[in-house]
Structure formats: structure tokens, C-alpha cells
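Here is a friendly walk through one protein model, meant to be read with the structure open beside you. Take a look at the picture, and then we can go through the metal sites, the sheets and a few backbone details.

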Amino acid sequence: MREVKKTDFNLRDTNVDISEITDGIYRISGFSNEFGITFNQFLIIDEKPMLIHTGPIGMYKKIEEKIKEVIPLHKLVYVSFLHFESDEWGGMEFLESSDAKLVCSDLSSKLNMMGWYNVPVDHISVWDNDILKIGKKRHFKFIMTPHVHHWDSMMIFEENTKSLFTSDLFIQPGNNKPIISEDISESMINLYRGAGIFASEKPVRNTTRRLADLLPNMVYPMHGSCIDKSLFSKYTEAIMKNDFGYSGILLGQRLETIIS
Ligand SMILES: [Fe+2]
Ligand SMILES: [Fe+2]
């Protein structure tokens, strides 16, 4: 048996940076030595600004400070998380300091937003191909991506800049530049194998094909660097060619259970 201790992932000491990736799209990122990955949030400015991911609970206050370098917090109108997990959505305390409206997938809504004690129920749920315009420039299309890696997973495509927000797909380890300038797709595959976040390759590959057809100019994963269109095919090819589904390892620990 293991003793369970309350943790905040020690992320309160993490340095958090902000950088503008594309016109009005900011990456707010902190690197965790403990996990060896960055945690990225994205702030998109238009008439009704949106934040994608609130970040983990230990890091949220620093993320909030970076948002305030761009806009006053009360100007934030939407906050979206792409699946219900603590790094995407652990900073729920933002709801105490903001009037922002939560946007999540219909599955997140039904499974999580309406079924937990003290979890906010005031939210907007979206389905495949729904569009949300946050102003004249930024139009979000929601893409349901079940089982990549969670049941309730979705992704967001901003149609005018062709910006694709993929959460835990196309993630890479390390603390590299905001936009990657080399092909480190092998590290991405090894990260998937070591973390065991995908049950199998099939739904990931089907989703990857659909995303590649969108011809994104920039891909914004939640961990690691952004990937521009000149390198994106390297990462999609790596997903098509390599096996990375769950093989008995979960967050680096082997589970001695027979898998077939
Ligand atoms: Fe996740
Ligand atoms: Fe994540």
C-alpha cells in the first residue's frame, strides 16, 4: 500500500513566461523540473478574449499574472479546457476572480461539469464542428477527438490564422524555444510510450489524419513547443509509423498486468 500525500506538483516555484506566437495568440508556459515538461496555456485576443487551459493548481497564480500583462483579468470572457484533467483544468480557482465563461466538450459537460460537488455548472458545451466567434478575427471550430487520450477530449481550430490547439497530442518533453526549429518527433513518441496516455494508436491516427487535412499554420500542444507548418508533417508521420499505445507503463511505472 502507498501513503498518499497531498501535492501541488511543486509548481508554485515554476517560472512562467509569456510569448506572442502569432498575432494576438500568446503562449503562457512554465517548465517543471519534476516532470521534465512544460505546461502551456494559450491566451487568444479578440473582442471577447479566450484562455485555453487554466494550468495546474500550483501554477495558476503565475499564469494569471501573465494574463494581466496583456489584458485586465475581468476582460477574459471565455476559458476552455480540452479534456477534464488537473493540468488542463486544475486552476479552477480562476473562477473566483473572473467572470469568464467556461467552454468544454459535451462529454466533459455531461461526465464532469454536472456530476461533481462544488464544480461550476454554469458553462457552455460544444459538439463536433460547432463554431464560436470571439470577435471579427478569431473563429473557433471545435473538433471532438474521443479517446485521444480521454473519452471527453476535444481540440480547437482557429480558422482565420489556421491555429490548431491539440492539448496532449504532438507534445514533446524538455524546455525548448516557444516554436520548435527541429524535428524531435522521436522524443514525442518516447514520451507517449513512457507515459501510457493513449490506449491504442487507432483513434490517435484517425484524428491525426483529420487534423492534417486542416493544413494548420501552427500547432499549439499543451506540453513542449509550438510546431509550425514546415515541421508538422514530421510529427504526423511519426504518429503514423511508430507504435506508441499503452504497453504496460503508466507515468514511467511498469504495471505487472497481462496485456494482450
Ligand atoms: Fe491530459
Ligand atoms: Fe496535458
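Does E88 count as buried or exposed? E88 has a relative accessibility of 0%, so this residue counts as buried. Please keep in mind that this is a predicted model.

**The two iron ions**

E88 is a good place to start, since its OE atom is one of the donors to the iron ion (ligand 2). The other donors there are D87 (OD), D168 (OD) and H223 (NE2), and the distances run from 2.3 to 2.5 Å. D87 counts as buried because its relative accessibility is 11%, which is below the 20% cut-off.

The iron ion (ligand 1) has its own set of donors: H83 (NE2), E85 (OE), H149 (NE2) and D168 (OD). Their distances to the metal are 1.8 to 2.4 Å. D168 appears in both sets, and this residue bridges the two iron ions, which lie 3.6 Å apart.

What is the arrangement of the donor atoms around each metal? For the iron ion (ligand 2), the 4 donor atoms make angles of 82 to 157°, and the site is square planar. For the iron ion (ligand 1), the angles among the 4 donor atoms are 80 to 152°, which makes that arrangement irregular. The cut-off that matters here is that opposite donors in a square planar site must be over 155 degrees apart.

The table puts the two sites side by side.

| Metal | Donor distances | Donor angles | Spacing in sequence |
|---|---|---|---|
| iron ion (ligand 1) | 1.8 to 2.4 Å | 80 to 152° | H-x1-E-x63-H-x18-D |
| iron ion (ligand 2) | 2.3 to 2.5 Å | 82 to 157° | D-E-x79-D-x54-H |

The iron ion (ligand 1) and the iron ion (ligand 2) share D168 as a donor. H83 sits in the loop between β5 (78-80) and α2 (86-89), while D168 sits in the loop between β11 (163-167) and α4 (185-195), so this pair ties together parts of the chain that are 85 residues apart in sequence. Both H83 and D168 are buried.

**Around H149**

Another donor to the iron ion (ligand 1) is H149, found in the loop between β9 (139-144) and β10 (154-158). The backbone has a special feature here: the peptide bond from V148 to H149 is cis, with omega near -5°.

H147 lies in that loop between β9 and β10 too. Its phi is near 70°, a positive value in a residue other than glycine. With a relative accessibility of 43%, H147 counts as partly exposed.

**The sheets**

Which strands flank this loop, and how do they run? β9 and β10 are antiparallel and are joined by 5 bridges. Within this pairing, I143 stands opposite M155 in β10.

β9 and β10 belong to an open sheet of 6 strands with mixed pairing, in the order β8-β9-β10-β11-β12-β13. Its edges are β8 (131-133) and β13 (227-228); each has a single partner strand, so one side of each is left without a neighbour in the sheet.

Elsewhere, strand β6 (residues 101-105) pairs with strand β7 (residues 123-126) in the parallel sense, over 4 bridges. One of the residues involved is S105, whose bridge partner in β7 is V126. Together with helix α3 (residues 106-113), β6 and β7 make a right-handed β-α-β unit.

**Helix α1 and its cover**

Which residues of helix α1 (residues 60-70) are buried? They are Y60, I63, E64, K66 and I67. Around the helix axis they cover an arc of only 160°, which puts them on the same side of α1. The cover over these buried residues includes β1 (16-22), β2 (25-32), β3 (37-44) and β4 (50-52).

**Two exposed loop residues**

L251 lies in the loop between β14 (249-250) and β15 (253-254). Its phi is near 45°, again a positive value in a residue other than glycine. L251 counts as exposed because its relative accessibility is 69%.

D99 is found in the loop between α2 and β6, and is exposed, with a relative accessible area of 71%. The C-alpha atoms of D99 and L82 are 20 Å from each other, and the two residues are 17 residues apart along the chain.

Note on methods. Residues are numbered from 1 along each chain as its sequence is written. Chains are lettered from A and ligands numbered from 1 in the order in which they are written. This is a predicted model: local features need pLDDT of at least 70, side-chain atom pairs count only at pLDDT 80 or more; totals for chains, interfaces and linings use all residues. Side-chain values use heavy atoms; hydrogens and water are left out. Buried means under 20% relative accessible area, exposed over 50%, partly exposed in between (1.4 Å probe, protein chains only). The arc is that of the directions from the helix axis to the C-beta atoms. Contact means heavy atoms within 4.5 Å. Donors are N, O and S atoms within 2.8 Å of the metal (3.2 Å for Na, K and Ca); water is not among the atoms, so sites may look incomplete. Four donors count as tetrahedral if all angles lie between 85 and 135 degrees; four count as square planar and six as octahedral if opposite donors are over 155 degrees apart and all others between 65 and 115; anything else is irregular. Two strands pair if DSSP finds at least two bridges between them. A crossover is right-handed if, with the strands pointing away from the viewer, the path from the first strand over the helix to the second runs clockwise.
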